Every structure is written in C-alpha cells, then in structure tokens.
Amino acid sequence: MDLQSELLKSIWYAFTSLDVEQSGKVSKSQLKVLSHNLYTALNIPHDPVALEEHFKDNNNGPVSNQGYMPYLNKYILAKATEGTFSKETFDELCWTLTSKKNCKPSIQQGLCSHKDCFKLFCLFNLLSEDCYPLVIIQPELEYLLKKISSAMSVEWNGTSLEELLSQNAALQDGMSVWEFLEHLSAGQLLHVESKEAFSLAVDDVFMEMYHNIIKKGYLLKKGHVRRNWQERWFVLKPSSVIYYVNEDLKEKKGEILLEEGSVVENLPDKEGRRCLFCVKTPVRTYEMSASNVKQRVDWVQAIQTALRLRAEGKSSLHQELKLSRRKQREAFQRSHSNQSSHSEPIAAEALQQSDPEQQGETESLEQHIESIIQKQREVEAKRKEEEKQEREKQQAIQRDLERQLEEAKEAKEKLTATLTEMEKEVKQQKKRIHELELTQVKLEEALNAQIHARLEEDTIRHELERQLAEEQKKIAELLLHQSQLETLAVRSQEDCSTISQQTEESSQHNTEEVTVHESTSTVTPANIQQPEESGQHNRERELLNQSTTTQMLKHWTIQLNRLMKPITPGDKVEHLPVKPTCPRQGQALTSTEFISKVQTSISPEKGNAPNPTATQEEEEQGS
C-alpha cells in the first residue's frame with residue numbers, strides 16, 4: 001500500500017465526521033477548513049487561488065465526496081512527500097476530527113485510554129482492508145490481538161473472539177474501528193489484568209508496526225575514536241539503525257545508514273567480549289556485542305531483513321507481512337473455490353448415470369475427492385501441528401527470556417544493594433575524613449599556639465638572662481665602687497683626725513703665744529692679729545673640707561644602698577608556676593625553672609640588703 005492510500009484512510013474518517021446527515025455531502029466551508037488543515041499537517045504550500053477556484057460559490061461546486069476527490073488527489077495527495085511531514089501528527093488531526101463525533105465516552109471509561117484509542121486507531125488503519133467503509137477482518141484482528149498479548153507476555157486465547165463473532169453474525173464480515181474499540185475496551189476481545197500493562201503493550205506494538213521498528217534493545221558498541229565499549233539502546237528500521245544513550249530516546253548518539261553494499265557479519269570473540277557481530281557500510285564498520293548467542297542471531301537476522309527490504313525498495317516490514325497474509329488467503333480461497341467447482345458437476349453426473357460402469361467411475365471419483373479432502377485435512381492438521389510446535393517453541397523462548405529477565409532483575413537488585421552499601425560506606429568515609437580534617441586543623445592550631453608560647457617563653461628567658469647579667473655587672477661595679485668609697489672614707493677620717501690634731505696643736509701654740517706676748521700686745525698689735533687671723537682661716541677651710549667630705553660620703557652611701565637592691569623581673573610573670581627548687585642539676589633550665597631559681601636566689605639577698613631608708617635616717621641622726 002502506497003503513501004496516498006494510507007493518507008486517504010485517515011482523510012476518509014475526517015470527511016465522514018463532517019457528514020452529519022450521512023448523505024455523502026459536506027458543506028464547502030467545512031471542506032475549505034479541512035483542506036487548510038491538511039495543507040498544514042502535510043507541510044504542503046497553500047494554494048489559495050486553486051482552493052477558491054475549486055470551492056467557488058455556485059451550484060456546480062463540489063459538495064460530495066466524489067466531487068472532493070479530484071481536488072484531494074491533485075492538490076493534496078499528489079504533493080505529499082514521505083519524510084517531509086510527521087504522519088503521526090497527520091493521523092492525530094484526523095483522529096481529533098472523527099473521535100469527537102464517533103468515540104463513545106464508555107470506550108475511554110473502560111480499558112482503553114484516549115492515547116490508547118488513538119494508537120489502536122492507527123493500527124486499525126494499517127491492518128484494515130482497502131475498501132470503504134473501512135473494516136478489519138478476523139485474521140488481521142487475530143494478528144493484532146496476538147501481537148498485543150505477546151507484548152504483555154500473555155498467551156492469547158481466541159475463545160473470547162469466537163464467542164463474540166458467534167453471538168453477532170454481522171461482525172464476521174468485518175469490524176469497524178468504533179466496534180473494535182468498544183468491544184476491546186469492554187474486555188470482550190482480550191483478558192487483561194492490568195490496565196498499565198495493556199497501555200505499555202499497545203505502545204510497544206504501536207512503535208513496532210506504525211513506526212516500522214523491526215527490532216530494538218540494548219547492545220554494547222565499540223567506539224570509533226576512543227575504542228572503548230559503551231552500552232547503547234539500538235532501534236532498527238528498514239533504512240537505518242539508530243542508537244541512543246538509553247531507551248527514553250531523548251539523547252541520540254548516532255545513526256548507521258543501511259545503504260547499498262552494507263552487510264552484517266558475525267565476529268569471533270576478542271578483547272574479553274563475546275557474541276560479537278559487525279555492520280559494514282561503505283563508510284565504516286560498526287562492532288557490536290550482544291548479551292547472548294540468541295540475541296546475536298536475532299539481531300543479525302533482523303538487520304538482514306532490513307537490508308533485504310532496502311534492496312527491494314520497501315519501507316515497511318509489516319506492510320509486506322500484511323500483503324503476504326492477504327496473498328495466502330486469496331490463494332486458499334481460490335483453491336477452495338476450484339475444488340468446489342470441480343466436485344459439483346462430477347456429483348451431478350454421477351447421479352444421472354445408472355449403469356454399473358458409470359457407478360464404479362462415480363465411486364472412484366468420490367474416492368478421489370475424499371482423498372483430496374483427506375489430504376487437505378492432513379495438510380490442515382500438519383499446519384496446526386506446526387503452529388502448535390511453533391507456539392511451544394515461542395513459549396519456550398518466552399520462558400527462557402523470562403528466566404533471563406528474572407536473573408537480570410536479581411543481578412540488578414544485587415548490584416543496587418551493593419551500590420547502596422558502597423554509597424553508605426563512602427558517606428561514612430567522607431564523614432570520617434571530614435572529622436580527621438577538623439582534628440588536623442585543631443591540632444595545627446594547638447601546635448601553632450604551643451610554638452608561639454614557646455617562642456614567647458624563649459624571648460622572656462633571654463630577656464631575663466640579659467637583665468640578670470646586667471644586674472650582676474651592676475652589682476660588681478657597685479661593690480668595686482663601695483670599696484673605693486670605703487677607702488676614701490677611711491682616708492677622709494684619717495685626714496680629719498690629722499687636721500684636728502694640727503688644729504689643737506696650733507690652738508695650744510697660739511694660746512701660749514698669747515700668754516707670752518700679752519705684755520707686749522700694746523706695743524705690737526698688728527703682729528699679734530696677723531697669726532690669729534691665719535689660724536682662724538685655716539680652721540674654717542678644714543671644717544668646710546670635712547663637711548664636704550661627709551656630705552659626699554652620705555650621698556655615695558645612699559646611692560650604694562639604692563643600687564644594692566636588685567630589680568626583680570620575676571614580678572612580671574607571677575602567673576607562671578614557681579618551683580621551690582631547681583629540678584635539674586647541671587642541665588639547661590626552662591623559662592619557668594630559670595625564673596624560679598632567680599627568685600629563690602634574690603630572696604636571701606633581699607633579706608640581707610640594708611634598708612636605704614633606715615640607713616639614711618641613721619646617717620642624718622649621726623650627722
């Protein structure tokens with residue numbers, strides 16, 4: 001069936017939905033709107049001049065389906081090109097127009113949803129006969145129901161369909177799409193346990209038959225650049241093999257065009273991969289790996305089928321299968337009609353003959369006819385037996401696939417559980433690493449604080465050692481200076497005692513001179529006054545020297561007492577613990593031990609040091 005015949009089926013539904021009176025006539029305005037919508041859906045440039053010319057307002061214009069067909073064939077169907085428009089969008093437009101009128105609410109309230117009804121509508125048009133009104137005959141209906149049951153992994157039972165056809169004889173010649181949807185939604189054609197499973201099965205069959213998908217599934221593909229193996233979702237069509245990241249078909253990774261000269265071949269196992277095969281095109285070679293041998297055989301056969309369809313110029317596998325089934329039915333009907341046409345005249349002639357010879361010939365002819373019928377029965381039984389074997393084979397394959405699916409599910413569950421445990425372990429390890437990092441930061445901070453404190457202690461220790469050295473140096477200088485002052489004081493006392501003795505001697509001498517020369521004082525007064533004045537002057541000078549020496553001695557004594565009191569730098573670090581004794585003998589001391597030792601050595605010196613205030617008071621009293 002060509003593209004125009006496929007499109008015409010959907011257009012027929014849209015046209016009949018506009019025929020409200022069912023008279024075969026539609027108004028011009030409705031046909032204009034329908035034509036505009038068909039132009040848009042088929043991606044055809046609008047021709048408003050031809051449209052207005054054909055639908056001009058006169059009594060001779062086309063108002064029936066016969067009058068509309070010439071315009072439809074010339075301006076719409078003839079310009080439609082495959083690949084330039086979306087056929088699903090086109091069918092959805094026609095479905096929207098016809099479902100509003102013909103689709104009963106009870107259909108969508110039953111097993112079939114609105115989307116399921118549209119997909120079944122498309123599948124119905126694909127398998128329906130090429131005569132109008134469109135109907136689907138029993139063999140094609142059984143084929144569709146078997147496909148849906150197989151997609152649900154359920155064995156199809158034709159009892160329901162046979163009961164329905166026996167109760168309604170009008171359905172034996174064919175079933176319309178609305179009758180099909182009504183009986184299917186009511187559960188009279190299929191026994192369905194889950195509505196969701198039915199929707200998934202309808203979607204799978206729709207993708208396979210309507211979108212011409214020969215086969216789909218996961219395969220491992222070898223990269224062309226990096227040469228690594230990646231799992232991809234492959235979709236095989238008659239003209240190409242498209243592969244995606246996963247089965248949601250959102251991210252397309254590439255396409256293998258099955259051009260003339262392309263071949264598919266099996267490959268030996270290598271690189272740790274098994275069940276290998278390749279698709280060789282004129283451009284490059286694609287290497288794939290199936291999960292098992294059966295999958296590889298199925299994929300190789302499916303790609304060979306696609307290459308055969310490509311070579312024969314056919315675009316749909318299911319269209320070819322439909323034509324093949326139709327040819328088989330026609331051949332069977334012709335053979336059946338030929339057998340009946342030969343048997344009827346032979347039976348009439350046998351009844352007219354009465355002699356034994358003719359009766360014998362009639363009996364031989366009847367035996368021949370009986371043998372033909374017997375052979376036909378044997379052929380039919382053999383065919384049923386082959387169908388049964390094929391069904392058992394398919395069931396065995398299905399059970400094997402179910403077992404593999406269960407194994408895959410179990411492996412997936414185990415893998416999921418393992419991944420969950422690994423994720424938990426990773427989270428715990430991350431948490432532990434985070435705690436260790438925090439502990440490391442805290443330890444680094446404590447280490448830095450300890451290093452800083454140690455540096456401060458070293459600085460304080462060096463400062464204390466420097467101050468102690470300075471104090472010891474000052475003490476040595478003061479002791480030297482004190483000894484010098486003591487020596488000076490002794491010398492001063494000796495000088496004072498010498499001066500006092502000389503003064504006493506001079507005073508005694510002067511007294512004697514006064515007594516001796518008292519008698520002559522009147523005669524020589526100038527001579528007497530001159531020695532007295534010189535002696536007084538000497539005494540005053542000696543007293544002045546003595547007082548100066550005494551003051552200097554007091555001053556140096558006070559300064560010595562002040563300097564003899566050492567500075568106690570340990571007062572600035574009173575917060576540090578002080579040990580009464582040095583814990584280490586003959587070893588280096590810590591800063592705390594050093595301060596403790598200095599304080600203990602200074603304490604006795606403080607007790608033995610003179611009180612400068614008391615010394616000063618004593619000196620003042622002594623003076």
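The following exchange concerns a helix pair and a set of paired strands in a predicted model.

Biologist: On what basis are residues numbered and features accepted?
Modeller: Residues are numbered from 1 along each chain as its sequence is written. In this predicted model, local features need pLDDT of at least 70, and side-chain atom pairs count only at pLDDT 80 or more.

Biologist: Is helix 7 parallel, perpendicular or oblique to helix 8?
Modeller: Helices are DSSP runs of H or I with at least four residues, and strands are runs of E with at least two. Helix 7 (residues 114-127) packs against helix 8 (residues 138-151) at an angle of about 140 degrees, the axes being 10 Å apart. Angles under 35 degrees count as roughly parallel, over 145 as roughly antiparallel, 65 to 115 as roughly perpendicular and the rest as oblique. Helix 7 is therefore oblique to helix 8.

Biologist: Which residues of helix 8 make the contact with helix 7?
Modeller: Contact means heavy atoms within 4.5 Å. Helix 7 contributes L120, L123 and L127, and the residues from helix 8 are E140, Y143, L144 and I148.

Biologist: How many residues of strand 2 are buried?
Modeller: A residue is buried under 20% relative accessible area, exposed over 50% and partly exposed in between (1.4 Å probe, protein chains only). Strand 2 (residues 229-236) has eight residues and is mostly covered; the buried ones number six.

Biologist: Which residue of strand 3 stands opposite W233?
Modeller: Two strands pair if DSSP finds at least two bridges between them. Strand 2 and strand 3 (residues 240-244) run antiparallel and are joined by four bridges. Opposite W233 in strand 3 stands Y244.

Definitions and conventions
Heavy atoms only, no water. Axes fitted to C-alpha atoms, helices over the stretch in contact; angles between N-to-C directions.
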